[in-house]
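Trainee: I'm new to this structure and would like a close look at a single part. Could you take me through one place where two helices pack, and what surrounds them?

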Amino acid sequence: MRTPHVVAVMGVAGTGKTTIGPLLAARLGVPYAEGDDFHPQANIAKMSAGTPLDDDDRWPWLDAIGTWAHERAGLGGVVSCSALKRSYRDRLSAAAPGIVFVHLAGDRALIEDRMAHRQGHFMPTALLDSQFATLQPLEADETGVTVDVTGTPEEITERAAKALDVLPEPQRRPARTGTATTVPW
């Protein structure tokens with residue numbers, strides 16, 4: 001049986017990270033963590049007011065997600081996280097070297113329409129332009145896949161799972177027992 005990846009489902013607001021993340025986690029048989037839950041209240045208040053976050057706002061949030069991802073190394077897990085900039089993904093990768101990214105990508109009009117119809121989310125559609133302006137797509141040297149967001153959540157999840165399946169198996173995290181290091185497999 002393959003060791004499950006620790007996956008960050010990334011992309012601009014409205015691509016379906018919060019919908020696809022739990023579906024992908026269920027498909028992989030691993031826990032899901034909602035990236036928004038790692039934001040400090042000040043970040044949520046800022047975004048709710050229509051003000052984009054700056055990098056100083058994001059570092060503690062990314063560090064908290066990175067810690068969660070590191071703890072899941074060798075065990076697998078899925079976390080939603082916009083991870084729009086390469087520097088954000090590098091920070092996550094530094095904290096959790098085996099993390100892989102699933103970049104949910106799609107047409108701006110489709111994403112804006114989805115955002116306009118969702119309820120109970122603090123991110124207004126007014127911030128979509130800043131999200132697209134900030135987005136730096138995955139580069140060839142990053143471990144991850146880009147998945148188109150057209151279709152049903154189940155179709156998108158299926159595409160993501162198939163794309164992850166062709167990535168190399170992640171390294172298992174050694175477990176410490178006493179003074180000796182053992183590998184748990």
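Mentor: Let's look at the pair α3 and α4, then at the sheet and the salt bridges around them. This is a predicted model, so bear in mind that local features need pLDDT of at least 70, side-chain atom pairs count only at pLDDT 80 or more, and totals for chains, interfaces and linings use all residues. Residues are numbered from 1 along each chain as its sequence is written, and side-chain values use heavy atoms, with hydrogens and water left out.

Helices (H or I, at least four residues) and strands (E, at least two) are DSSP runs, numbered from the N terminus. Two packed helices are described by the angle between their axes and the distance between the axes. Here, α3 covers residues 55-71 and α4 covers residues 86-95; their axes come within 8 Å and cross at roughly 35°. Axes are lines fitted to C-alpha atoms, for helices over the stretch in contact, with angles from 0 to 180 degrees between N-to-C directions.

Now for who touches whom, where contact means heavy atoms within 4.5 Å. On the α3 side you'll find W59, L62, D63 and I65, among others, and they meet a group in α4 that includes Y88, R91 and L92. The residues of this contact divide into six nonpolar, three polar and four charged (Ala, Val, Leu, Ile, Met, Phe, Trp, Tyr, Cys and Pro count as nonpolar, Asp, Glu, Lys and Arg as charged, the others, Gly among them, as polar).

Two of those charged residues, R91 and D63, join their side chains in a salt bridge, 2.6 Å from N to O. The term means a side-chain nitrogen of Lys or Arg within 4 Å of a carboxyl oxygen of Asp or Glu. R91 is in α4 and D63 in α3, so the bridge ties together parts 28 residues apart in sequence. R91, at 30% relative accessibility, is partly exposed, and so is D63 at 33% (buried is under 20% relative accessible area, exposed over 50%, partly exposed in between, with a 1.4 Å probe and protein chains only).

Within α4 there's another salt bridge, D90 to R86 at 2.8 Å. These two are four residues apart, which puts them about one helical turn from each other. R86 is buried at 17%, while D90 is partly exposed at 37%. Both belong to a salt-bridge network with R89, E139, D141 and E142.

Finally, α3 lies across β1, β2 and β3, running at about 170° to β3.
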